[in-house]
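Work through the following exercises with the sequence and the model side by side. Each one sets a task and then gives a solution in steps.

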Amino acid sequence: MKKLLLALPILLFWACSQKDLVKVEGKIDNAEGKVLYFDRLNTTGVEVLDSTTLDEEGRFRFKVENTQPEFYLLRLSNGKLITLLAEANESILVYSKSENMGKNYIVEGSKGSKLVKELNDKLNETKDQLASIRKELEEKKTDPNYSSISQNLLADYVKALQSQREFSINFIMKNATSLSSYMALYQKLDDKTFTLNENDDIKFVKIVASSMKALYPEHDYTKAILSNLADLEKRMVNLKMSKLIEEKGSSFPDITLPNAKGKEITLSSLQGKFIVLSFWASQDANSRKQNATLKKVYNKFNKKGLEIYQISVDQNKNLWTKAIQEDQLNWTNVCDLKNGSAMATRLYNIQSIPSNYLLDQKGEIVGKNLFGLALEEKIAEYVK
(Lines give C-alpha, C1' and ligand atoms only; values in the text may rest on other atoms or scores of the structure.)
Protein backbone atom coordinates (compact mmCIF):
# COMPACT_ATOMS: atom_id res chain seq x y z
CA MET A 1 0.00 0.00 0.00
CA LYS A 2 2.86 2.34 0.78
CA LYS A 3 4.29 1.73 -2.67
CA LEU A 4 0.98 2.68 -4.28
CA LEU A 5 0.68 5.90 -2.26
CA LEU A 6 4.22 6.80 -3.13
CA ALA A 7 3.65 6.21 -6.82
CA LEU A 8 0.43 8.25 -7.03
CA PRO A 9 2.00 11.75 -6.71
CA ILE A 10 4.61 10.79 -9.32
CA LEU A 11 1.86 9.71 -11.73
CA LEU A 12 -0.06 12.92 -11.08
CA PHE A 13 3.06 14.97 -11.75
CA TRP A 14 3.66 13.11 -14.99
CA ALA A 15 0.05 13.64 -16.10
CA CYS A 16 0.18 17.36 -15.34
CA SER A 17 3.39 17.74 -17.29
CA GLN A 18 1.83 16.45 -20.52
CA LYS A 19 1.08 19.18 -23.05
CA ASP A 20 -2.23 19.43 -24.84
CA LEU A 21 -1.43 17.97 -28.23
CA VAL A 22 -3.21 17.29 -31.48
CA LYS A 23 -1.81 14.36 -33.41
CA VAL A 24 -2.59 13.93 -37.11
CA GLU A 25 -1.44 10.91 -39.05
CA GLY A 26 -2.54 8.92 -42.04
CA LYS A 27 -1.87 8.03 -45.63
CA ILE A 28 -2.12 9.82 -48.97
CA ASP A 29 -2.03 7.42 -51.92
CA ASN A 30 -0.38 8.26 -55.24
CA ALA A 31 1.59 11.13 -53.71
CA GLU A 32 5.16 9.84 -53.77
CA GLY A 33 7.66 12.70 -53.89
CA LYS A 34 5.07 15.38 -53.13
CA VAL A 35 5.45 17.66 -50.13
CA LEU A 36 2.61 17.54 -47.59
CA TYR A 37 2.26 20.67 -45.48
CA PHE A 38 0.58 20.88 -42.09
CA ASP A 39 -0.86 24.40 -41.62
CA ARG A 40 -2.85 26.28 -39.03
CA LEU A 41 -5.67 28.26 -40.65
CA ASN A 42 -5.82 31.59 -38.83
CA THR A 43 -8.22 34.48 -39.36
CA THR A 44 -5.40 36.39 -41.05
CA GLY A 45 -4.09 33.59 -43.26
CA VAL A 46 -2.25 30.27 -43.34
CA GLU A 47 0.62 29.50 -40.96
CA VAL A 48 2.86 26.60 -41.97
CA LEU A 49 3.59 24.41 -38.93
CA ASP A 50 5.40 21.45 -40.46
CA SER A 51 5.94 19.54 -43.68
CA THR A 52 7.15 16.18 -44.96
CA THR A 53 8.01 14.66 -48.33
CA LEU A 54 5.83 11.61 -48.88
CA ASP A 55 7.39 8.29 -49.83
CA GLU A 56 5.77 5.59 -51.96
CA GLU A 57 3.54 4.53 -49.05
CA GLY A 58 2.35 8.11 -48.54
CA ARG A 59 2.34 7.93 -44.75
CA PHE A 60 2.65 11.04 -42.60
CA ARG A 61 2.54 12.08 -38.96
CA PHE A 62 2.27 15.56 -37.43
CA LYS A 63 1.64 16.95 -33.96
CA VAL A 64 1.02 20.41 -32.56
CA GLU A 65 0.28 21.95 -29.16
CA ASN A 66 -3.36 22.91 -28.88
CA THR A 67 -5.54 24.21 -26.05
CA GLN A 68 -8.67 25.21 -27.99
CA PRO A 69 -10.45 24.29 -31.23
CA GLU A 70 -8.41 25.26 -34.28
CA PHE A 71 -8.65 24.83 -38.04
CA TYR A 72 -5.77 23.00 -39.70
CA LEU A 73 -4.92 22.13 -43.29
CA LEU A 74 -3.27 19.09 -44.79
CA ARG A 75 -2.02 20.63 -48.02
CA LEU A 76 -0.17 18.99 -50.89
CA SER A 77 2.32 20.90 -53.01
CA ASN A 78 -0.09 20.45 -55.96
CA GLY A 79 -2.68 22.65 -54.18
CA LYS A 80 -5.03 19.87 -53.03
CA LEU A 81 -6.00 20.13 -49.36
CA ILE A 82 -8.11 18.79 -46.51
CA THR A 83 -9.49 21.03 -43.76
CA LEU A 84 -9.53 19.73 -40.20
CA LEU A 85 -11.09 21.13 -37.04
CA ALA A 86 -9.19 19.74 -34.08
CA GLU A 87 -9.47 20.02 -30.31
CA ALA A 88 -6.83 19.39 -27.66
CA ASN A 89 -5.68 15.78 -27.23
CA GLU A 90 -7.35 14.48 -30.36
CA SER A 91 -5.59 11.82 -32.41
CA ILE A 92 -6.84 12.20 -35.96
CA LEU A 93 -6.53 9.61 -38.72
CA VAL A 94 -6.82 10.71 -42.35
CA TYR A 95 -6.82 8.74 -45.59
CA SER A 96 -7.12 10.07 -49.12
CA LYS A 97 -5.71 9.96 -52.65
CA SER A 98 -3.66 12.84 -54.02
CA GLU A 99 -5.71 13.27 -57.20
CA ASN A 100 -9.00 13.62 -55.32
CA MET A 101 -7.81 14.93 -51.98
CA GLY A 102 -10.36 17.17 -50.28
CA LYS A 103 -13.32 15.81 -52.20
CA ASN A 104 -13.00 12.18 -51.24
CA TYR A 105 -11.29 11.36 -47.97
CA ILE A 106 -11.82 9.54 -44.69
CA VAL A 107 -11.26 11.14 -41.30
CA GLU A 108 -11.57 9.53 -37.86
CA GLY A 109 -10.90 10.58 -34.28
CA SER A 110 -12.21 14.15 -34.50
CA LYS A 111 -15.84 15.22 -34.25
CA GLY A 112 -15.05 18.73 -35.51
CA SER A 113 -13.21 17.39 -38.56
CA LYS A 114 -16.14 15.13 -39.39
CA LEU A 115 -18.46 18.15 -39.24
CA VAL A 116 -16.14 20.08 -41.55
CA LYS A 117 -16.20 17.14 -43.97
CA GLU A 118 -20.00 17.12 -43.83
CA LEU A 119 -20.03 20.81 -44.74
CA ASN A 120 -17.56 20.43 -47.58
CA ASP A 121 -19.23 17.31 -48.98
CA LYS A 122 -22.56 19.12 -49.27
CA LEU A 123 -20.96 22.24 -50.75
CA ASN A 124 -19.05 20.20 -53.34
CA GLU A 125 -22.24 18.33 -54.21
CA THR A 126 -24.09 21.61 -54.74
CA LYS A 127 -21.28 23.12 -56.80
CA ASP A 128 -21.27 20.03 -59.02
CA GLN A 129 -25.05 20.24 -59.47
CA LEU A 130 -24.90 23.92 -60.41
CA ALA A 131 -22.01 23.37 -62.81
CA SER A 132 -23.90 20.51 -64.47
CA ILE A 133 -27.01 22.66 -64.93
CA ARG A 134 -24.99 25.55 -66.36
CA LYS A 135 -23.31 23.16 -68.80
CA GLU A 136 -26.63 21.71 -69.92
CA LEU A 137 -28.09 25.20 -70.39
CA GLU A 138 -25.19 26.04 -72.67
CA GLU A 139 -25.49 22.80 -74.61
CA LYS A 140 -29.25 23.16 -75.15
CA LYS A 141 -29.11 26.68 -76.57
CA THR A 142 -29.74 25.44 -80.13
CA ASP A 143 -32.55 23.09 -79.13
CA PRO A 144 -35.96 24.13 -80.60
CA ASN A 145 -37.52 23.54 -77.19
CA TYR A 146 -34.87 25.60 -75.37
CA SER A 147 -37.43 27.91 -73.75
CA SER A 148 -39.23 25.14 -71.84
CA ILE A 149 -35.98 23.23 -71.22
CA SER A 150 -34.30 26.31 -69.74
CA GLN A 151 -37.26 26.99 -67.46
CA ASN A 152 -37.03 23.48 -66.03
CA LEU A 153 -33.25 23.71 -65.67
CA LEU A 154 -33.44 27.09 -63.97
CA ALA A 155 -36.04 25.67 -61.59
CA ASP A 156 -33.56 22.89 -60.77
CA TYR A 157 -30.85 25.51 -60.29
CA VAL A 158 -32.94 27.45 -57.78
CA LYS A 159 -33.88 24.20 -56.03
CA ALA A 160 -30.20 23.30 -55.61
CA LEU A 161 -29.43 26.74 -54.19
CA GLN A 162 -32.33 26.48 -51.75
CA SER A 163 -31.28 22.98 -50.69
CA GLN A 164 -27.78 24.26 -49.91
CA ARG A 165 -29.20 27.20 -47.98
CA GLU A 166 -31.49 24.99 -45.89
CA PHE A 167 -28.62 22.61 -45.21
CA SER A 168 -26.40 25.48 -43.98
CA ILE A 169 -29.13 26.84 -41.71
CA ASN A 170 -29.95 23.42 -40.22
CA PHE A 171 -26.26 22.72 -39.72
CA ILE A 172 -25.74 25.96 -37.79
CA MET A 173 -28.80 25.43 -35.59
CA LYS A 174 -27.69 21.87 -34.83
CA ASN A 175 -24.00 22.66 -34.23
CA ALA A 176 -24.03 26.22 -32.92
CA THR A 177 -21.51 25.37 -30.17
CA SER A 178 -18.97 24.04 -32.66
CA LEU A 179 -16.44 26.18 -34.50
CA SER A 180 -17.60 24.36 -37.62
CA SER A 181 -20.65 26.65 -37.60
CA TYR A 182 -18.30 29.58 -38.14
CA MET A 183 -17.20 27.84 -41.32
CA ALA A 184 -20.83 27.20 -42.32
CA LEU A 185 -21.60 30.93 -42.09
CA TYR A 186 -18.94 31.92 -44.58
CA GLN A 187 -18.99 29.14 -47.17
CA LYS A 188 -19.17 30.32 -50.77
CA LEU A 189 -20.60 28.81 -53.93
CA ASP A 190 -18.22 31.00 -55.95
CA ASP A 191 -16.00 34.02 -55.33
CA LYS A 192 -18.99 36.34 -54.91
CA THR A 193 -21.84 34.17 -53.64
CA PHE A 194 -22.21 33.05 -50.03
CA THR A 195 -24.48 30.10 -49.28
CA LEU A 196 -26.19 32.41 -46.76
CA ASN A 197 -26.64 35.77 -48.48
CA GLU A 198 -29.99 37.20 -47.40
CA ASN A 199 -30.29 40.21 -45.09
CA ASP A 200 -32.19 38.18 -42.54
CA ASP A 201 -29.23 35.77 -42.23
CA ILE A 202 -27.63 38.14 -39.75
CA LYS A 203 -29.61 36.25 -37.10
CA PHE A 204 -27.45 33.17 -37.70
CA VAL A 205 -24.30 35.26 -37.31
CA LYS A 206 -25.70 36.44 -33.97
CA ILE A 207 -26.36 32.85 -32.85
CA VAL A 208 -22.85 31.65 -33.66
CA ALA A 209 -21.22 34.82 -32.30
CA SER A 210 -23.10 34.48 -29.01
CA SER A 211 -22.06 30.85 -28.65
CA MET A 212 -18.41 31.52 -29.46
CA LYS A 213 -18.27 34.52 -27.13
CA ALA A 214 -19.50 32.32 -24.27
CA LEU A 215 -17.29 29.31 -25.02
CA TYR A 216 -14.13 30.86 -26.47
CA PRO A 217 -14.10 34.56 -25.50
CA GLU A 218 -10.41 35.08 -26.35
CA HIS A 219 -10.33 33.08 -29.58
CA ASP A 220 -9.27 35.01 -32.71
CA TYR A 221 -12.26 33.58 -34.57
CA THR A 222 -14.56 34.93 -31.84
CA LYS A 223 -13.05 38.39 -32.22
CA ALA A 224 -13.41 38.11 -36.00
CA ILE A 225 -17.10 37.15 -35.94
CA LEU A 226 -17.96 39.82 -33.37
CA SER A 227 -16.28 42.43 -35.59
CA ASN A 228 -18.13 41.11 -38.63
CA LEU A 229 -21.43 41.17 -36.72
CA ALA A 230 -20.88 44.82 -35.80
CA ASP A 231 -20.24 45.67 -39.45
CA LEU A 232 -23.35 43.78 -40.56
CA GLU A 233 -25.49 45.57 -37.99
CA LYS A 234 -24.25 48.94 -39.25
CA ARG A 235 -25.08 47.92 -42.81
CA MET A 236 -28.56 46.85 -41.71
CA VAL A 237 -29.13 50.23 -40.06
CA ASN A 238 -28.05 51.94 -43.28
CA LEU A 239 -30.35 49.68 -45.28
CA LYS A 240 -33.30 50.36 -43.01
CA MET A 241 -32.71 54.10 -43.20
CA SER A 242 -32.43 54.00 -47.01
CA LYS A 243 -35.63 51.97 -47.18
CA LEU A 244 -37.40 54.39 -44.86
CA ILE A 245 -36.35 57.38 -46.93
CA GLU A 246 -37.38 55.57 -50.12
CA GLU A 247 -40.79 54.71 -48.68
CA LYS A 248 -41.32 58.35 -47.68
CA GLY A 249 -40.37 59.54 -51.16
CA SER A 250 -38.15 62.59 -50.97
CA SER A 251 -38.92 63.42 -47.33
CA PHE A 252 -36.57 62.71 -44.44
CA PRO A 253 -37.16 60.58 -41.31
CA ASP A 254 -38.82 62.86 -38.78
CA ILE A 255 -37.64 63.56 -35.22
CA THR A 256 -39.42 65.10 -32.25
CA LEU A 257 -37.28 66.03 -29.21
CA PRO A 258 -37.49 68.57 -26.34
CA ASN A 259 -35.40 71.72 -26.15
CA ALA A 260 -33.71 72.97 -22.96
CA LYS A 261 -37.05 74.31 -21.69
CA GLY A 262 -38.82 70.99 -22.26
CA LYS A 263 -40.78 72.10 -25.31
CA GLU A 264 -40.93 69.41 -27.98
CA ILE A 265 -39.85 70.55 -31.42
CA THR A 266 -40.31 68.48 -34.56
CA LEU A 267 -37.71 68.49 -37.31
CA SER A 268 -40.45 68.59 -39.96
CA SER A 269 -41.71 71.88 -38.49
CA LEU A 270 -38.75 73.50 -40.26
CA GLN A 271 -39.61 71.98 -43.65
CA GLY A 272 -39.53 74.49 -46.46
CA LYS A 273 -36.26 75.87 -45.09
CA PHE A 274 -32.75 74.63 -45.85
CA ILE A 275 -31.89 72.62 -42.75
CA VAL A 276 -28.56 71.67 -41.23
CA LEU A 277 -29.35 68.64 -39.07
CA SER A 278 -26.40 68.61 -36.67
CA PHE A 279 -25.39 66.04 -34.03
CA TRP A 280 -23.01 67.10 -31.26
CA ALA A 281 -21.97 66.77 -27.60
CA SER A 282 -21.11 69.49 -25.11
CA GLN A 283 -17.92 67.76 -23.92
CA ASP A 284 -16.59 66.98 -27.40
CA ALA A 285 -13.90 69.44 -28.48
CA ASN A 286 -14.55 68.95 -32.20
CA SER A 287 -18.26 69.56 -31.68
CA ARG A 288 -17.51 72.84 -29.96
CA LYS A 289 -15.23 73.90 -32.83
CA GLN A 290 -17.96 72.98 -35.29
CA ASN A 291 -20.35 75.24 -33.37
CA ALA A 292 -18.19 78.21 -34.39
CA THR A 293 -18.60 77.26 -38.06
CA LEU A 294 -22.33 76.78 -37.61
CA LYS A 295 -22.59 80.26 -36.06
CA LYS A 296 -20.84 81.72 -39.08
CA VAL A 297 -23.13 80.09 -41.65
CA TYR A 298 -26.23 80.73 -39.51
CA ASN A 299 -25.48 84.46 -39.27
CA LYS A 300 -24.79 84.56 -43.01
CA PHE A 301 -27.74 82.54 -44.32
CA ASN A 302 -30.47 82.51 -41.65
CA LYS A 303 -32.38 85.48 -43.04
CA LYS A 304 -32.23 83.85 -46.48
CA GLY A 305 -33.90 80.65 -45.28
CA LEU A 306 -31.33 78.56 -43.37
CA GLU A 307 -32.31 76.77 -40.15
CA ILE A 308 -30.29 74.54 -37.85
CA TYR A 309 -31.83 71.65 -35.95
CA GLN A 310 -29.12 70.54 -33.54
CA ILE A 311 -29.36 67.31 -31.56
CA SER A 312 -27.14 66.76 -28.55
CA VAL A 313 -26.15 63.29 -27.36
CA ASP A 314 -25.62 64.62 -23.83
CA GLN A 315 -27.14 63.04 -20.75
CA ASN A 316 -26.27 65.88 -18.38
CA LYS A 317 -28.58 68.87 -18.71
CA ASN A 318 -26.26 71.30 -16.91
CA LEU A 319 -23.34 70.55 -19.24
CA TRP A 320 -25.60 70.75 -22.29
CA THR A 321 -27.25 74.07 -21.41
CA LYS A 322 -23.94 75.57 -20.25
CA ALA A 323 -22.37 74.78 -23.64
CA ILE A 324 -25.36 76.33 -25.45
CA GLN A 325 -24.90 79.54 -23.44
CA GLU A 326 -21.11 79.64 -23.80
CA ASP A 327 -21.24 79.07 -27.58
CA GLN A 328 -24.24 81.43 -27.95
CA LEU A 329 -26.30 78.94 -29.96
CA ASN A 330 -29.55 80.72 -30.87
CA TRP A 331 -31.06 78.08 -33.15
CA THR A 332 -33.14 74.98 -32.37
CA ASN A 333 -31.25 72.77 -29.92
CA VAL A 334 -32.87 69.57 -28.65
CA CYS A 335 -31.88 66.50 -26.67
CA ASP A 336 -33.31 63.33 -25.15
CA LEU A 337 -31.29 63.48 -21.95
CA LYS A 338 -32.57 60.15 -20.69
CA ASN A 339 -30.70 58.09 -23.30
CA GLY A 340 -28.45 60.54 -25.13
CA SER A 341 -30.82 60.92 -28.10
CA ALA A 342 -30.15 57.29 -28.99
CA MET A 343 -33.29 56.89 -31.10
CA ALA A 344 -32.35 59.84 -33.31
CA THR A 345 -28.75 58.72 -33.75
CA ARG A 346 -29.90 55.21 -34.72
CA LEU A 347 -32.47 56.59 -37.14
CA TYR A 348 -29.81 58.61 -38.96
CA ASN A 349 -27.04 56.04 -38.48
CA ILE A 350 -24.73 58.41 -36.60
CA GLN A 351 -21.41 56.67 -35.94
CA SER A 352 -19.39 59.64 -34.67
CA ILE A 353 -19.76 63.24 -33.60
CA PRO A 354 -19.87 65.88 -34.83
CA SER A 355 -22.00 64.70 -37.76
CA ASN A 356 -24.57 66.38 -39.96
CA TYR A 357 -27.08 66.01 -42.77
CA LEU A 358 -28.12 68.78 -45.12
CA LEU A 359 -31.80 68.87 -46.11
CA ASP A 360 -32.92 71.15 -48.91
CA GLN A 361 -36.18 73.06 -49.10
CA LYS A 362 -37.94 70.05 -50.65
CA GLY A 363 -36.90 67.80 -47.79
CA GLU A 364 -34.29 65.92 -49.79
CA ILE A 365 -30.97 64.94 -48.23
CA VAL A 366 -28.35 66.78 -50.33
CA GLY A 367 -25.25 66.38 -48.18
CA LYS A 368 -23.74 64.56 -45.25
CA ASN A 369 -20.85 65.33 -42.89
CA LEU A 370 -19.76 68.53 -44.59
CA PHE A 371 -17.70 70.88 -42.45
CA GLY A 372 -15.90 74.19 -42.76
CA LEU A 373 -15.75 75.72 -46.24
CA ALA A 374 -17.39 72.63 -47.81
CA LEU A 375 -20.46 73.19 -45.62
CA GLU A 376 -20.68 76.86 -46.48
CA GLU A 377 -20.30 76.23 -50.22
CA LYS A 378 -23.01 73.55 -50.22
CA ILE A 379 -25.45 75.83 -48.36
CA ALA A 380 -24.69 78.64 -50.84
CA GLU A 381 -25.83 76.39 -53.69
CA TYR A 382 -29.36 76.23 -52.24
CA VAL A 383 -29.73 79.40 -50.20
CA LYS A 384 -29.46 82.52 -52.37
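Helices (H or I, at least four residues) and strands (E, at least two) are DSSP runs, numbered from the N terminus. This is a predicted model, in which local features need pLDDT of at least 70 and side-chain atom pairs count only at pLDDT 80 or more, while totals for chains, interfaces and linings use all residues. Residues are numbered from 1 along each chain as its sequence is written, and side-chain values use heavy atoms, with hydrogens and water left out.

**Exercise 1. Backbone details in loops**

Task: Find where N89 lies, and decide whether N89 is buried or exposed.

Solution: Begin with the position, since N89 sits in the loop between strand 6 (81-86) and strand 7 (91-97). Next look at the backbone, where phi of N89 is near 70°, a positive value in a residue other than glycine. For the last step, note that buried means under 20% relative accessible area, exposed over 50%, and partly exposed in between (1.4 Å probe, protein chains only). The relative accessibility of N89 is 52%, so N89 counts as exposed.

Task: Describe N369 by the same steps, and then locate the cis peptide bond that involves P354.

Solution: N369, although not a glycine, has a positive phi of about 55°, and its place is the loop between strand 15 (365-368) and helix 10 (372-382). With a relative accessibility of 33%, N369 counts as partly exposed. The cis peptide bond joins I353 and P354, with omega about 0°, and P354 belongs to the loop between helix 9 (342-347) and strand 14 (355-359).

**Exercise 2. The span of a helix**

Task: Compare the expected span of helix 5 with the distance between its end C-alpha atoms.

Solution: The expected span of a helix is 1.5 Å times one less than its number of residues. Helix 5 (residues 202-215) has 14 residues and should therefore span 20 Å, which agrees with its end C-alpha atoms being 20 Å apart. Then mark the residues of helix 5 that are buried, namely I202, F204, V205, V208, A209, S211 and M212.

**Exercise 3. The largest nonpolar core**

Task: Which residues have the most contacts inside the largest nonpolar core, and which helix gives the largest share of this core?

Solution: A nonpolar core is a set of buried Ala, Val, Leu, Ile, Met, Phe, Trp, Tyr and Cys residues joined through side-chain atoms within 4.5 Å. The largest one has 24 residues, and F71, I172, L185, M212 and I225 have the most contacts inside it. Helix 2 (111-139), helix 3 (146-174), helix 4, helix 5 and helix 6 (220-247) each supply at least two residues of this core, and the largest share, 6 residues, comes from helix 5. To follow one member, take I225, which touches Y182, L185, Y186, V205, V208, A209 and M212, not counting residues up to four places away in sequence; contact here means heavy atoms within 4.5 Å.

**Exercise 4. A buried residue in helix 3**

Task: Decide whether Q164 is buried or exposed, and list its contacts.

Solution: Q164 is found in helix 3, and its relative accessibility is 0%, so Q164 counts as buried. Leaving aside neighbours within four places in sequence, Q164 is in contact with K122, L123, T126, Q187, L189 and T195.
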